[in-house]
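Work through the exercises below with the sequence and the coordinates open. Each task is followed by a stepwise solution.

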Amino acid sequence: MKLVFATNNLNKLREVQALVPHQIKLLSLADIGCEEDIPETSQTIEGNAKQKARYIKEHYGYNCFADDTGLEVEALDGAPGVYSARYAGKAKDANANMDKLLKELAGIENRNAQFKTVIALVLDDTLETFTGICKGSITPDKKGEGGFGYDPVFLPKGYTKTFAELLLSEKNKIGHRGKAMDLLLKFLNR
Ligand code: IMP
């Protein structure tokens with residue numbers, strides 16, 4: 001089976017590639033000649049995931065799945081959430097996003113947060129969604145060199161290392177995207 005993973009984010013692609021069994025041939029956007037920015041105009045994580053997956057099916061004809069992810073911080077009423085990528089501005093700069101988050105949380109005791117990933121799968125004429133959540137907290141400082149995005153400031157619950165300090169395989173086992181992928185793969189195997 002051929003499936004497109006609709007992302008331009010090479011870090012997401014690397015994580016997902018490590019989870020997909022060889023029976024599924026995973027195609028990237030580059031593989032199908034898609035170089036455009038796929039619209040993401042929904043107000044919800046689920047809405048954006050669906051929009052991206054549908055777009056590829058409609059414009060390129062491939063069965064496809066897309067991931068949209070947000071970091072939800074309890075003390076900030078769930079922000080940055082669906083606006084995580086552009087939290088500190090249009091540049092989508094990960095360091096600037098983390099700096100803004102650490103500033104917003106300065107002096108705040110409640111550091112609880114969660115990552116939420118929704119994966120939308122368009123398979124022929126059906127659309128399914130799969131949600132993965134990873135609970136944890138925001139560290140006082142950035143730690144670690146691995147991962148991407150907010151990984152250096154996210155400490156998964158029960159761990160003493162941030163996502164950026166864990167191996168990709170460890171992050172995949174407990175992480176939001178890994179959990180959503182697990183549900184997607186179970187669905188495909190049903
Ligand atoms: P999007 O799903 O690509 O729109 O990502 C939204 C924001 O969350 C971006 O700033 C990403 O860098 C960040 N992000 C997405 N997935 C992860 C992750 O697994 N770890 C850390 N940050 C992430």
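**Exercise 1.** Which element supplies the largest share of the shell around the ligand?

Solution. The model is a predicted one. Step 1: list the elements that each give at least two residues to the shell; these are strand E3 (64–73) and helix H5 (176–188). Step 2: pick out the largest share, which is 3 residues and belongs to E3.

**Exercise 2.** Describe the shell by residue class and by proximity to the ligand.

Solution. Step 1: sort the shell by class, which gives 7 charged, 5 polar and 4 nonpolar residues. Step 2: find those that come nearest among the 16 residues around the ligand; they are Lys-12, Asp-151, Lys-171, His-176 and Arg-177.

**Exercise 3.** Find polar side-chain atoms that approach the ligand, then state how far the protein covers the ligand.

Solution. Step 1: take the nitrogen side of the ligand, where a polar side-chain atom of Asp-151 lies 2.6 Å from a nitrogen atom. Step 2: take ligand oxygen atoms; Lys-171 places a polar side-chain atom 2.8 Å from one, and for Asp-68 the corresponding distance to an oxygen atom is 3.4 Å. Step 3: compute the cover; the ligand alone exposes 480 Å², and the protein buries 89% of that. Step 4: locate the site; the ligand takes up the space of the largest pocket.

**Exercise 4.** What is the salt-bridge partner of Lys-171 in the pair with closest N and O atoms 2.6 Å apart?

Solution. Step 1: search the whole structure, which yields 10 salt bridges. Step 2: select the pair with Lys-171; the partner is Glu-15. Step 3: place both residues; Glu-15 is in helix H1 (residues 10–17) and Lys-171 in helix H4 (residues 168–174), so the pair links distant parts of the chain, 156 residues apart.

Note on methods
Residues numbered from 1 in each chain as written. Predicted model: local features only at pLDDT ≥ 70, side-chain atom pairs only at ≥ 80, totals over all residues. Heavy atoms only, no water. Near = heavy atom within 4 Å. Polar contact = N/O pair within 3.5 Å; in protein donor to acceptor, adjacent residues only side chain to side chain. Areas by Shrake-Rupley, 256 points an atom, 1.4 Å probe, with all protein chains shown as cover. 1 Å grid on protein atoms, 1.4 Å probe; cavity = no way out; pocket = protein on both sides within 12 Å on 5 of 7 lines; lining within 4 Å. Sits in = over half its atoms within 2 Å of the grid points. Helix = DSSP H or I, 4+ residues; strand = E, 2+ residues; numbered from the N terminus. Nonpolar A, V, L, I, M, F, W, Y, C, P; charged D, E, K, R; others polar. Salt bridge = Lys/Arg side-chain N within 4 Å of Asp/Glu carboxyl O.
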